[in-house]
Amino acid sequence: MYNYKDLTKKYDVDFAKAIHKRKSKRTFNDLPLKREDEEILKTEILEINRETGLKIQLVEDKPEALNPIEGSYGLLTGVRHAILLIGKDDEDDAERCGYYGEILTLLCVDRGMDTCWVGGSINKDKLDLDIDDGDVIHALIAVGSSAEHSFKDSVIDKIMGFKEKNRENIVEGNLHNMPSWFKEGLDVANMAPSSLNQKPVIYSYVELEAHVKLSSKQRYSYLDLGISKLHFEIGADCGKWTLGDEASFEFEK
Ligand SMILES: Cc1cc2nc3c(=O)[nH]c(=O)nc-3n(C[C@H](O)[C@H](O)[C@H](O)COP(=O)(O)O)c2cc1C
């Protein structure tokens, strides 16, 4: 079974550090991906696709297909490389794209690449994609190298509201009665990227059981759900969420 923890063994990925370091970048320069990064990404994408049936693809040096990204906000510029999150047009695959896409995002960040999750559509005619009828691009992750946090990034941060560090916003119930692993999960879930920074994922701990659900359902909510669940698992470090909205937490054996 594909497990994000294997990336620590394989490439020495420090997930906690990558989560703290990750910040959306929206202005990319024209540097190519490093050969080693490209190989590692392709290897992991292959493994994820084999395990999940997703059709994630890495697109390199295709600015003509990636600018502009119709329907996106934030005025991304100079996008040359991207991880396309492709799967069946259903909620489960959208969530999987969120979960596995965020593993790939954190792998990129750990290796020094800049990233931005993006919802929207690209010019598929300019790409030779392996995509079946019924498959859709759920979202993409722009990757590459960018200037330091740009003025544009700061403006977007302001509009979206600064990264809210308050875990009380994503939990129902009284935190005093919750175990420390659950609170650590919340802290890391609170740092998860989400579309429009809406953070629609709510956790609860009732009668010794942990639960998660969506507080609202919009265009990218299931992607947000997958991303948030991964962050929680990294923070809690003792189990895994079942798939879907209204899911429960299963402890590692
Ligand atoms: C599914 C999804 C779609 C997103 N779409 C866009 C987008 O179209 N344009 C953009 O600038 N940022 C997009 N973002 C990035 C969020 O705005 C960003 O993650 C959020 O504001 C939190 O900021 P941070 O990533 O710097 O922590 C998206 C994020 C997710 C998870």
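This briefing describes the overall form of a protein chain, one of its sheets, the surroundings of its ligand and a few loop residues. The model is a predicted one, and its protein chain contains eight helices and nine strands. With 253 residues, a compact globule would be expected to have a radius of gyration near 18 Å, and the 17 Å found for the protein chain agrees with that expectation.

**Overall form**

- Taken along the principal axes, the box filled by the C-alpha atoms of the protein chain is roughly 55 × 40 × 35 Å.
- Of the 253 residues in the protein chain, 40% are buried.

**The four-stranded sheet**

- Four strands, in the order S1-S2-S4-S3, make up an open sheet in which the pairing is antiparallel.
- Strand S1 (57-59) and strand S3 (114-118) are the edge strands, and each has a single partner strand, so one side of each is left without a neighbour in the sheet.
- From one strand to the next, the twist of this sheet averages 25°.
- Strand S2, which covers residues 81-88, is paired with S4 in the antiparallel sense through eight bridges, and within this pairing Leu85 has Ala139 of S4 as its bridge partner.
- On the other side of the pairing scheme, S3 and strand S4 (residues 135-144) run antiparallel and are joined by five bridges.
- Two examples can be followed by eye in the structure: Asp114 has Gly144 of S4 as its bridge partner, while Cys116 stands opposite Ala142 in S4.
- A residue counts as buried if 20 or more other C-beta atoms lie within 10 Å of its own; eight of the 10 residues of S4 are buried, so S4 is largely enclosed by the rest of the structure.

**Around the ligand**

- The shell around the ligand holds 25 residues, and those that come nearest are Ser72, Gly74, Trp117, Pro193 and Asn197.
- When the residues of this shell are sorted by class, 13 are nonpolar, eight are polar and four are charged.
- At least two residues of the shell come from each of S3, helix H6 (151-160) and helix H8 (221-236).
- Both domain 1 (6-155) and domain 2 (163-251) take part in the shell, each with at least three residues.

**Loop residues worth locating**

- In the loop between S1 and H4 lies Asp61, whose phi is near 55°, a positive value in a residue other than glycine.
- Asp61 has 12 other C-beta atoms within 10 Å and is therefore exposed, since a residue with 12 or fewer such neighbours is placed in that class.
- Pro68 belongs to the loop between H4 and S2, and the peptide bond that joins Asn67 to Pro68 is cis, with omega at about -5°.
- Tyr73 also has its place in the loop between helix H4 (63-66) and S2, where it is partly exposed, with 15 other C-beta atoms within 10 Å.
- Although Tyr73 and Gly120 are 47 residues apart in sequence, their C-alpha atoms are 8.6 Å apart in space.
- Leu75 is found in the loop between H4 and S2 as well, and Leu75 has a positive phi of about 50° although it is not a glycine.
- Leu75 counts as exposed, because it has 12 C-beta neighbours inside 10 Å.

Conventions:
Residues are numbered from 1 along each chain as its sequence is written. This is a predicted model: local features need pLDDT of at least 70, side-chain atom pairs count only at pLDDT 80 or more; totals for chains, interfaces and linings use all residues. Two strands pair if DSSP finds at least two bridges between them. Axes are lines fitted to C-alpha atoms, for helices over the stretch in contact, and angles run from 0 to 180 degrees between N-to-C directions. A residue is near a molecule or strand if its C-beta atom, placed from the backbone, lies within 6 Å of it. Ala, Val, Leu, Ile, Met, Phe, Trp, Tyr, Cys and Pro count as nonpolar, Asp, Glu, Lys and Arg as charged, and the others, Gly among them, as polar. Domain bounds come from an automatic or database domain assignment. The radius of gyration is taken over C-alpha atoms; the globule rule is 2.2 Å times the number of residues to the power 0.38.
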